[in-house]
Amino acid sequence: SLIDNVYLGVLEFTEQSKIASKFIGSIGQLGYAFLFQETFFDLDLSDFDIMRGTSSVAALSGFADLMTGGSGFPLPDNFGSYPGSKKCNAKSLHAMWHQESAEGLSDLNLMIDYIVSVIQKNEKMKKNDGSLCVYDVGCKSGSCNWWYKKAFYACGKEPCWSDGTVCGVGTTCNACCNDQEWWYKKALTACGKEPCWSDGTVCGVGTTCNACCNDQEWWYKKALTACGKEPCWS
């Protein structure tokens, strides 16, 4: 939704600050407009009260323009803004209601336009799988996950690690396609099952010889222990 996009990371902090400022200016102006709506508060205001209220509109509009960036419907003061305003604003609550609500709604609409434009811009900047991320909404896949190979969060799901990839038990081994085990050839833990060692591969009894496809024995030609049975000499 629009609110999710604003607050869950699609918009940068500076963009969020601008939106908050525009919102305060727009809502402030609309709130002030409701003071002049006869049936909303039903205030029994004298002509003097009306004149005093309308005379403060210029200051309020200036504040609202400051908060919204002056992008709303520009009405420089509370007189001369529309035909008959000079006469009506000083005496009619309803006339001021229309003027102030028009300014506030204009600012509010332009704020929504700003949000949509920024979101569309940032949508084009969403990251591909494997790119570092912080929020799900910053990724094209809509998912930001921990990648063991990067030791940080990245977009998408990390591909599982192939057999033979060195890993740490309880940590990076969680990324293995298959269960990890101790690999004698690497002298480290790695993903998958180590292929057994072929006959003739030198090994250590009680250690690396455990990886032999066949039982080890002493090979005279090698003067070392090796996997399998040594062929007889011709």
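Accessible areas here come from the Shrake-Rupley method with a 1.4 Å probe, and for residues only the protein chains shown count as cover. The structure is a predicted model, in which local features need pLDDT of at least 70 and side-chain atom pairs count only at pLDDT 80 or more, while totals for chains, interfaces and linings use all residues. Residues are numbered from 1 along each chain as its sequence is written, and side-chain values use heavy atoms, with hydrogens and water left out.

**Exercise 1. State how much area the protein chain exposes and what share of its residues is buried.**

Step 1. The exposed area of the protein chain is about 14,200 Å², and carbon and sulfur atoms supply 60% of it.

Step 2. Buried means under 20% relative accessible area, exposed over 50%, and partly exposed in between (1.4 Å probe, protein chains only). Of the 234 residues in the protein chain, 35% are buried.

**Exercise 2. Give the order of helices and strands, then describe how β1 and β2 pair.**

Step 1. Helices (H or I, at least four residues) and strands (E, at least two) are DSSP runs, numbered from the N terminus. The protein chain has seven helices and six strands, in the sequence pattern α-α-α-α-α-α-α-β-β-β-β-β-β.

Step 2. Two strands pair if DSSP finds at least two bridges between them. Four bridges join β1 (residues 144-147) and β2 (residues 152-155), in the antiparallel sense. Asn145 has Ala154 in β2 as its bridge partner.

Step 3. Four residues separate β1 from β2 in this hairpin, and Ala151 in the turn has a positive phi of about 55°.

**Exercise 3. Find the aromatic pairs and classify their geometry.**

Step 1. Rings of Phe, Tyr and Trp (its six-membered ring) pair if their centres lie within 6.5 Å; planes under 30 degrees apart count as stacked, over 60 as edge-to-face and the rest as tilted. The count under this rule is two aromatic pairs.

Step 2. Trp146 and Tyr153 are edge-to-face because their planes stand at 85°, with ring centres 5.3 Å apart. Phe152 and Tyr153 also form an edge-to-face pair, at 6.3 Å centre to centre and 80° between the planes.

Step 3. Trp146, Phe152 and Tyr153 make up one aromatic cluster. Trp146 is partly exposed at 39% relative accessibility, Phe152 is partly exposed at 39%, and Tyr153 is partly exposed at 40%.

**Exercise 4. Compare the disulfides Cys139-Cys155 and Cys212-Cys227 by handedness and by the parts they link.**

Step 1. A disulfide is a pair of cysteine sulfur atoms within 2.5 Å. The whole structure holds eight disulfides.

Step 2. The sulfur atoms of Cys139 and Cys155 are 2.1 Å apart, and the link is left-handed, with -75° about the S-S bond. Cys139 lies in the loop between α7 (93-124) and β1, and Cys155 in strand β2, 16 residues apart. Cys139 is buried at 1% relative accessibility, and Cys155 is buried at 0%.

Step 3. For Cys212 and Cys227 the sulfur atoms are 1.8 Å apart, and the link is left-handed, with -70° about the S-S bond. Cys212 lies in the loop between β4 (188-191) and β5 (216-219) and Cys227 in strand β6 (residues 224-227), so the pair ties together parts 15 residues apart in sequence. Cys212 is buried at 12% relative accessibility, and Cys227 is buried at 0%.
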